[in-house]
Amino acid sequence: MLCSLPQAITQMEDRKAAGPSRAARRGRWWRLRQRWRMVGVFEINPEHEFYQLTSMIKEGMHSSIQTTMDTSGQDTPAAEQFAAEETQTHEGFQMQTFAASVFAQQRRSLDITEEEYMNSLCSDQCYLQFVSNSKSKADSLNDKRFFLKTQSKREVSFLLSNLQAYMAHLEKYPHSLMVKFLVAVFTTQCSLSALQKYFIVMQSVFYPDDRINIRYDIKGCEVGRWSNPDTGGKQIIKVLKDNNFEGQTIALGQEKSWFAHQVKVDAAFLQELNVLDYSLLLAQQPLHRDELDGKHSLANLVIRTTKSLDLEDSPTGSDPPTVPLLKETLGEEGSVQPQAAAGEGIPLQEIGCPEKETRSDSELQEFHEHHRRLLPNCKNSNQVIDGPEQRYFVGIIDIFTVYGWKKRLENMWKSLRYPGRAFSTVSPAKYSRRFCQWIQDHSQ
């Protein structure tokens, strides 16, 4: 039955008086949840001081990525590509790209396509500023999968001069815990203000971060290594430190030996570069019951194996990796853990592995030298280690501090100020030993 116009107006007024509709309430609740998930992250909107800079970065990176998409078929960069520079001129600014093809190869090795990379860095959405109590400031991009971080000219020069060694290390140890630099280093110059910025883009260690409940920055020392966990009601992500971790452990189960060894390998590499003051970023989240059950299924095991091995570069050429190789990686002592194939009823060594594909001892030795592991079935799997009950996000960051004369003087001053105490400014050899010992003491 149709109602008159006055009656319709009256009914609308009655509904308004009765309160918001169910759809409106759902909309407000959704926005509230989104804001809660974005604690510590703020939009770089047109009113933000960095908006002009991020707009220039988007335009410049779009052109740069377009260039690398056309040459994405090459897997091994030549020596001259590490020193390559390209300058592009845009309206009001210039952008210089360093070693673009080298970083493009790095992205491919991490299964990051140029399309998804461009969609993240160059979309119409505003960049997000990540705000924490860390001294290391960075701007998080869109889906928080990547970080854009401004650097000093000295730090950029150090990275570029050691880029070939860094890439060689990651090629030898593809499951390295070191931070992954994903894009060429740029310098932007605004023709109006002569503004010059050096920056890099790296893969976020803490991704995806939806369920992360605590974060740490670990250096393996005690002086200045406490952070008040109270946020004071501010929208800030607290990153805790070594002394906050006292009495706790990193419970990795059968992954403990792999983790401790890989940290030792990465720290030894940084020692060769005369680097100190790097940190282990560490975060954790509880594993859900379905994740715990799914880890031991055959389908999940196959996916994890595929993630862990580069099938194209395997020692047997085009032959797929055999499951006996899996058996060598599942346990600390080289044996299959009983739960790895629980409920499947098929011995691992009998799953699709003809006799002709069995690997030799030398090939298995090469596998161990690369120190691979079964990667979890998730994005950013190189930075994720699953323990019996917790998922850990781990990565070694801040690798640009060289032990030069300034740091040597700082070491002498701190030795007088903090006699007998462990502080961060020590020789790279001592820093590496102490860093690895902290990992060993706090893992189980």
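Here a biologist and a modeller talk through a predicted model of one protein chain.

Biologist: Before we start, what kind of model is it, and which pLDDT do local features need?
Modeller: Residues are numbered from 1 along each chain as its sequence is written, and side-chain values use heavy atoms, with hydrogens and water left out. This is a predicted model in which totals for chains, interfaces and linings use all residues, side-chain atom pairs count only at pLDDT 80 or more, and local features need pLDDT of at least 70.

Biologist: How many helices and strands does the protein chain have?
Modeller: Both are DSSP runs numbered from the N terminus, with helices being H or I of at least four residues and strands being E of at least two. Going by that, the protein chain comes to 14 helices and 13 strands.

Biologist: What share of the residues in the protein chain is buried?
Modeller: Buried means under 20% relative accessible area, exposed is over 50%, and partly exposed is in between, using a 1.4 Å probe and protein chains only. The protein chain has 444 residues, and the buried part of them is 47%.

Biologist: And what percentage of the contacts with a separation of 6 or more comes from residues 24 or more positions apart?
Modeller: A contact here means heavy atoms within 4.5 Å. Take the contacts in the protein chain with a separation of 6 or more, and the share from residues 24 or more positions apart is 73%.

Biologist: Let's go to strand S8, residues 196-203. Why is it called largely enclosed by the rest of the structure?
Modeller: Strand S8 has eight residues, and it counts as largely enclosed because the number of them that are buried is six.

Biologist: Which residue in S8 stands opposite leucine 148?
Modeller: Strand S6 (residues 146-151) and S8 run antiparallel, joined by six bridges; two strands pair if DSSP finds at least two bridges between them. Across from leucine 148, in S8, you'll find valine 201.

Biologist: Helix H6 covers residues 153-161. Which of its residues are buried?
Modeller: The buried ones in H6 are Val156, Phe158 and Leu159. Looking down the axis of H6, they fall within an arc of 160°, so they line one face of the helix; the arc is that of the directions from the helix axis to the C-beta atoms. Lys153 and Ser161, on the other side of H6, are exposed. So that the names come last: the buried residues are Val156, Phe158 and Leu159.

Biologist: Which elements do the buried residues of H6 pack against?
Modeller: One of the partners is a helix, H7 (163-172). With the strands added, the full set is H7, S6 and S8.

Biologist: How far is the C-alpha atom of tyrosine 173 from that of valine 265?
Modeller: Tyrosine 173 sits in the loop between H7 and strand S7 (186-190), and it counts as buried at 13% relative accessibility. Valine 265 is 92 residues apart from tyrosine 173 along the chain, yet their C-alpha atoms are separated by 8.8 Å.

Biologist: Which residues does a cis peptide bond join?
Modeller: The place to look is the loop between S8 and strand S9 (214-218), where proline 208 lies. Omega is about -5° for this bond, which joins tyrosine 207 and proline 208.

Biologist: Aspartate 111 has a positive phi although it is not a glycine. What is the value?
Modeller: Aspartate 111 lies in the loop between helix H4 (100-109) and helix H5 (114-121). With a relative accessible area of 61%, aspartate 111 is exposed. Its phi is about 60°.

Biologist: Is asparagine 274 buried or partly exposed?
Modeller: Asparagine 274 lies in the loop between helix H8 (256-272) and strand S11 (279-286), and it has a positive phi of about 65°. Its relative accessible area is 29%, so asparagine 274 is partly exposed.

Biologist: In the open sheet of five strands, which are the edge strands?
Modeller: The order is S10-S9-S11-S13-S12, with mixed pairing. Each edge strand pairs on one side only, and the two are strand S10 (240-241) and strand S12 (384-386).

Biologist: Which residue in S13 stands opposite valine 384?
Modeller: S12 and strand S13 (residues 390-397) run antiparallel and are joined by three bridges. Opposite valine 384, in S13, stands phenylalanine 393.

Biologist: Last one: is glutamine 284 buried or exposed?
Modeller: Glutamine 284 is in strand S11. Leaving out residues up to four places away in sequence, it touches a set of residues including Arg211, Ile214 and Tyr392. Its relative accessibility is 16%, so glutamine 284 counts as buried.
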